[in-house]
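I open this notebook to record what I looked up in the structure shown here. The entries follow the order in which I made them.

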Number of protein chains: 2
Amino acid sequence: MKVFPDWIAVDWGSTHVRAVALGDDGVLARADAATTIGQGADHHEAALLSLVEDWLAPRERVLILACGMVGARHGWVEVPYRPVPAALDFATGLVRAPARDPRIDLRIVPGLSQDKPGDVMRGEETQIAGFLAGHPDFDGVICLPGTHSKWARVSAAEVVGFRTAMTGELFALLSTQSVLRHGVAPEGEAPEAFDEAVAQALSRPERLATDLFAIRADGLLHGMSPATARGRLSGLLIGAELAAMRPFWLGQRVVIIGAGQVSAAYARALAAQGVTAECLRGDDMALAGLAMLRARMRGVAP
Amino acid sequence: MKVFPDWIAVDWGSTHVRAVALGDDGVLARADAATTIGQGADHHEAALLSLVEDWLAPRERVLILACGMVGARHGWVEVPYRPVPAALDFATGLVRAPARDPRIDLRIVPGLSQDKPGDVMRGEETQIAGFLAGHPDFDGVICLPGTHSKWARVSAAEVVGFRTAMTGELFALLSTQSVLRHGVAPEGEAPEAFDEAVAQALSRPERLATDLFAIRADGLLHGMSPATARGRLSGLLIGAELAAMRPFWLGQRVVIIGAGQVSAAYARALAAQGVTAECLRGDDMALAGLAMLRARMRGVAP
């Protein structure tokens, strides 16, 4: 759609890029595409232009603010991490990406790093910033489930520390490429199997290595349905993540930022542990974070 | 090589088939090939014939004894599991595979199953039988590391119980297909990183979910070498397996049956826990198991 935005917000992950055209009255248009990170600046510029071409005016340069893996070592341009503890006024760490097209002025948000235990994030810091823009006094824990789930401690408008679990990636690999693929449904839910597996992983986390294979065995021996198998695999992996992250959520206020279905699974698992979690959409929070940044760049309060 | 065996032993796993031609004086010839399980009986027959064609005489039928995934649901013919506790006189459970070629008389060894906790094995039972043929009074634990590592309790010439961990498959998926692939060397050893990771996984098994991603983060932030990353990944996964299998090995006599390099890694990890393990080759044990079976079929003591 032909629109002339004031600026463009881009949330660019490892496999997907989302762009939003913004004007004085908010969102003018949205576009998104599957893409990959890691084939050089020209590749990234072509991918971006194909997405936002309709929003560019001749001889005018538009500001584009991007977060996510586009700033990784193999991204468009490497943006140095900001070490935690870090306030989320990342306007200072922005890096301008080299571009051939004079109509784009792309600046990429820095991710966060933690020295010990070693950890990194790119993109989630912007979602957290978006949440904090609406909840400036928040003190607690933010869970961002996904391919690489993040748990962050936030206090006094700073990210104090965080950890990552590869839960989403493990689920994808195990359910589509391991021996478990023969018996795990491609979609669907099995709440009871999920709940049981979460509890099992939390109470006996040291058994994960054998519990995973038992999904295959129970399919072969006891005719466990593919939907049940999917629920159990999801529950074991989320339960293992909760076991690793217990110091984050135990007795804490937790906010979950992510996609609807996966956030609901985490909220359900936490609820069984007596933790009530509020769920917010990841794309909304990323946009809110970039908008907050845009406002800071203008010297206007968010 | 043209030979005329008395019989043929076949060890047929998910991705590889090994055949041995045997006569009165033992091994006459060996052949092996990469193959896949699961494309129907004709596919399996063609794969076998291409391997043993040189060993077949016209108008003579030769006995072929096979173990492994060739007897799985998607194998040549499904061979029902034998439930544990099971003595390893599996001559009774053999299933003849349908074949077009009249020169082959193929019989497949049944695997073992365990009802609760649900578990299955195909192929390892023959390796255990081969070991027991040489150690009839063995009482202890046998570890068979691999794609799907098995731990079996053996007493009075029976497999009493067993469990499986997907350690080898997880290592392959994580090191070649996950985000960790960017920083994990395709080969090489890093004994110190391995030892440290084994200890870490054993002492804090609930942290596995975060410890895995830290491999990536420490590569990005602290320049951890790909060899160190490989050692740490291997150590974390083997350590997680040992954590799950602790009731098997703690204070027990352990025998490891498998490929040389991976067996050595398990022996090293166990040694750090004060457990001395003897290592034997998996292919030798499979052949010994099939030879024991062949002797039983003839009514001759092994």
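**Entry 1: helix α3 of chain B.** I began with the surroundings of the buried residues of α3(B), which pack against α3 (167-177) and α5 (208-222) of chain A. Within chain B, I found β12 (149-155), β13 (158-165), α5 (208-222) and α6 (226-244) packed against these buried residues as well. I then listed the buried residues of this helix, which spans residues 167-177 of chain B: Thr167(B), Glu169(B), Leu170(B), Leu173(B), Leu174(B) and Ser175(B). I note that the model is a predicted one.

**Entry 2: the contact between the chains.** I looked up the extent of the contact and found 35 residues of chain A in contact with 35 residues of chain B. On the side of chain A that touches chain B, the elements giving two or more residues are β10 (119-121), β13 (158-165), α3, α5 and α6 (226-244) of chain A. Which of them gives the most? I found that α5(A) does, with 11 residues. By residue class, I recorded 18 nonpolar, nine polar and eight charged residues on this side of chain A.

**Entry 3: the relation of the copies.** I superposed the chains in the record of computed values: a turn of 180 degrees with a shift of 0.0 Å along the axis lays chain A on chain B, at an RMSD of 0.0 Å. The two copies are therefore related as by a two-fold rotation axis. I also noted that the same surface serves both copies, since 100% of the contact residues of chain A recur in chain B.

**Entry 4: the sheet of chain A.** I turned to an open sheet of six strands in chain A and read its order as β3-β2-β1-β4-β8-β7, with mixed pairing. Why do β3 (26-34) and β7 (95-96) of chain A each have one side without a neighbour in the sheet? Both stand at the edges and each has a single partner strand, so one side of each is left free of a neighbour in the sheet. I found helix α1 (residues 41-52) of chain A packed on the sheet, where it touches β1, β2 (16-23) and β3 of chain A. The direction of α1(A) makes about 45 degrees with that of β2(A).

**Entry 5: strand β4 of chain A.** I examined β4(A), residues 62-68, and found it mostly covered, with five of its seven residues buried. Six bridges join β4(A) to β1(A), residues 7-12, and these two strands run parallel. Trp7(A) has Leu63(A) as its bridge partner in β4(A), and Ala9(A) stands opposite Leu65(A). I found β4(A) paired with β8(A), residues 104-108, also in the parallel sense, over five bridges. In β8(A), Asp105(A) is the bridge partner of Leu63(A).

Note on methods
Residues are numbered from 1 along each chain as its sequence is written. Chains are lettered from A and ligands numbered from 1 in the order in which they are written. This is a predicted model: local features need pLDDT of at least 70, side-chain atom pairs count only at pLDDT 80 or more; totals for chains, interfaces and linings use all residues. A residue is buried if 20 or more other C-beta atoms lie within 10 Å of its own, exposed if 12 or fewer, and partly exposed in between; C-beta atoms are placed from the backbone. Helices (H or I, at least four residues) and strands (E, at least two) are DSSP runs, numbered from the N terminus. Two strands pair if DSSP finds at least two bridges between them. Two residues are in contact if their C-beta atoms, placed from the backbone, lie within 7 Å. Axes are lines fitted to C-alpha atoms, for helices over the stretch in contact, and angles run from 0 to 180 degrees between N-to-C directions. Copies are superposed by least squares on the C-alpha atoms of residues with pLDDT of at least 70 in both. Ala, Val, Leu, Ile, Met, Phe, Trp, Tyr, Cys and Pro count as nonpolar, Asp, Glu, Lys and Arg as charged, and the others, Gly among them, as polar.
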